[in-house]
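Trainee: I have a model open and would like to talk through its architecture and contacts. Could we start from the fold and work outwards?

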Protein chains: 2
Amino acid sequence: MGEDMGAERSETQTAIMEATYRALCEHGYADLTMQAIADEFSKSKSLIHYHYDTKEELLVAFLDYLLDGFLTKVEETDDSDDPRERLTTLVDILLSGPEKSEEFQIAMLEFRSQVPYVEAYQEAFTANDRRLVTLLADTIAEGIETGAFRDVDPERAAETILVMIDGARSRSVLFGDGDTVAHTREAIDSYVRSHLVAGGE
Amino acid sequence: MGEDMGAERSETQTAIMEATYRALCEHGYADLTMQAIADEFSKSKSLIHYHYDTKEELLVAFLDYLLDGFLTKVEETDDSDDPRERLTTLVDILLSGPEKSEEFQIAMLEFRSQVPYVEAYQEAFTANDRRLVTLLADTIAEGIETGAFRDVDPERAAETILVMIDGARSRSVLFGDGDTVAHTREAIDSYVRSHLVAGGE
């Protein structure tokens with residue numbers, strides 16, 4: 001986080017995104033206002049309005065910023081040419097989430113629940129999710145190419161992994177069971193071994 | 001739904017639960033008021049207040065009512081002594097959800113996102129979830145006893161299955177992908193075959 005990866009994101013815009021992150025941790029999603037974001041922003045509130053007409057527009061940009069943060073983390077961590085190792089890295093980063101802060105994860109869960117009501121959020125969350133499906137599916141397809149993985153449907157295997165990641169993250173926020181994420185990491189590992197790895201079953 | 005399974009739920013209380021269901025479908029969670037529930041209830045609004053002091057109390061009772069509905073469905077459907085068949089039945093019913101209505105599932109997703117903010121909801125959702133974990137784990141333990149399943153940790157296997165069910169249901173509501181649930185049913189089946197069924201791997 002905190003690094004400007006988006007080609008079109010200025011220093012000011014990045015500072016607004018960081019302020020939005022802090023405001024979400026502080027107030028949660030439901031009580032998030034432009035004023036709450038301005039209170040976390042060191043410069044003038046009018047600058048926020050100059051860049052983002054509405055809270056909706058700002059939050060769509062924030063989702064993009066989160067995805068960039070995730071992709072940066074992937075680039076920094078993934079130093080392997082091996083598709084199976086790369087898949088493990090992606091799963092680890094996705095399971096641990098964009099940020100460890102519990103307050104932030106609670107706020108994001110509530111934000112996500114608004115998707116069916118706000119078209120712009122639906123579009124943004126769906127676009128981010130498609131990027132993640134593609135990233136996982138490409139890695140799986142690469143593994144099929146190299147012979148590391150069996151000839152499965154890459155998109156479908158990616159979807160199954162994301163189903164487990166989403167389930168684990170929401171259950172860990174809702175029920176506060178610290179083992180859920182670790183157990184799911186092992187379950188995904190086991191899925192990879194028995195269903196993807198060539199000769200694994 | 002609609003059947004009174006709870007020993008302590010009167011006919012009036014059941015009618016209030018049915019009205020709550022309709023009000024949630026109609027208004028979603030955020031706009032649910034006691035008045036909205038009263039509008040769906042054929043008797044006097046004061047009767048609702050007589051039974052439930054607050055909306056919070058009413059919604060906790062509603063979660064209990066949903067769990068009863070699920071357990072009734074399980075009893076009606078499950079006519080097998082075979083633990084593996086019973087597990088399949090439980091997974092099928094849990095995956096299809098308490099109700100097919102999309103509006104209801106959207107409302108429930110938003111309701112669930114309130115868990116971290118309202119202690120009574122956290123208790124109620126957690127208690128329901130424990131019941132489901134136990135129901136699945138007992139079935140798995142029975143299968144271990146009969147030799148149908150390998151000697152796995154029943155609670156952990158139950159948790160993995162619920163992680164997949166929760167992930168599939170929230171993704172299907174959020175991204176509207178009709179295949180997610182069917183694909184996850186197959187993934188769970190595959191998990192059961194390769195990790196639970198004795199000699200399956």
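Mentor: We shall take the fold, then the domains, then the contact between the chains.

Mentor: Please keep in mind throughout that this is a predicted model.

Trainee: How many helices and strands does the secondary structure of chain A come to?

Mentor: Chain A has nine helices and zero strands. Read from the N terminus, its elements therefore run α-α-α-α-α-α-α-α-α, as helices and strands are assigned here.

Trainee: What radius of gyration does chain A have, and what would a compact globule have?

Mentor: The value for chain A is 18 Å. A compact globule with 201 residues would have a radius of gyration near 17 Å, so the two agree.

Trainee: And what box do the C-alpha atoms fill?

Mentor: Along the principal axes, the C-alpha atoms of chain A fill roughly 60 × 35 × 30 Å.

Trainee: Now the domains. Where are the bounds in chain A?

Mentor: Domain 1 of chain A covers 1–63, and domain 2 covers 78–201. The contact between them takes 12 residues from domain 1 of chain A and 16 residues from domain 2 of chain A.

Trainee: How far apart do their C-alpha centres lie?

Mentor: The C-alpha centres of domain 1 and domain 2 of chain A are 27 Å apart.

Trainee: What area is buried between the two domains, and which residues of domain 1 supply it?

Mentor: About 1300 Å² is buried between domain 1 and domain 2 of chain A, and carbon and sulfur atoms give 73% of that area. On the side of domain 1 of chain A, Y21(A), Y29(A) and L63(A) supply 48% of the area buried against domain 2, more than any other three residues.

Trainee: How many salt bridges and polar contacts cross that domain interface?

Mentor: Zero salt bridges are found between domain 1 and domain 2 of chain A. The count of residue pairs in polar contact, both at pLDDT 80 or more, is one.

Trainee: Which elements of domain 1 give two or more residues to that side?

Mentor: They are α1 (11–27) and α4 (55–77) of chain A. The largest share, five residues, comes from α4(A). By class, this side of domain 1 of chain A has 10 nonpolar, one polar and one charged residues.

Trainee: Changing topic: what does the contact between chain A and chain B take from each chain?

Mentor: It takes 41 residues from chain A and 41 residues from chain B. Chain A and chain B bury about 3400 Å² between them, with 54% of it on carbon and sulfur atoms.

Trainee: How many salt bridges are found across the interface of chain A and chain B?

Mentor: There are six salt bridges across the interface of chain A and chain B. In one salt bridge, the side chains of R171(A) and D129(B) meet at 2.7 Å, N to O. The interface of chain A and chain B also has 21 residue pairs in polar contact, both at pLDDT 80 or more.

Trainee: Which elements of chain A give two or more residues to the side that touches chain B?

Mentor: Those elements are α6 (102–113), α7 (119–146), α8 (154–175) and α9 (179–196) of chain A. The most, 14 residues, comes from α8(A). The residues of chain A on this side divide into 17 nonpolar, 14 polar and 10 charged.

Trainee: And how many salt bridges are there over all chains?

Mentor: A search of the whole structure finds 20. Among them is a salt bridge between the side chains of R112(A) and D166(A), at 3.4 Å, N to O. R112(A) lies in helix α6 of chain A and D166(A) in helix α8 of chain A, 54 residues apart, and the pair links distant parts of the chain.

Key
Residues numbered from 1 in each chain as written. Chains lettered and ligands numbered in written order. Predicted model: local features only at pLDDT ≥ 70, side-chain atom pairs only at ≥ 80, totals over all residues. Heavy atoms only, no water. Domains from an automatic or database assignment. Contact = heavy atoms within 4.5 Å. Buried area = accessible area lost by both parts, 1.4 Å probe. Salt bridge = Lys/Arg side-chain N within 4 Å of Asp/Glu carboxyl O. Polar contact = N/O pair within 3.5 Å; in protein donor to acceptor, adjacent residues only side chain to side chain. Helix = DSSP H or I, 4+ residues; strand = E, 2+ residues; numbered from the N terminus. Nonpolar A, V, L, I, M, F, W, Y, C, P; charged D, E, K, R; others polar. Rg over C-alpha atoms; globule rule 2.2 N^0.38 Å.
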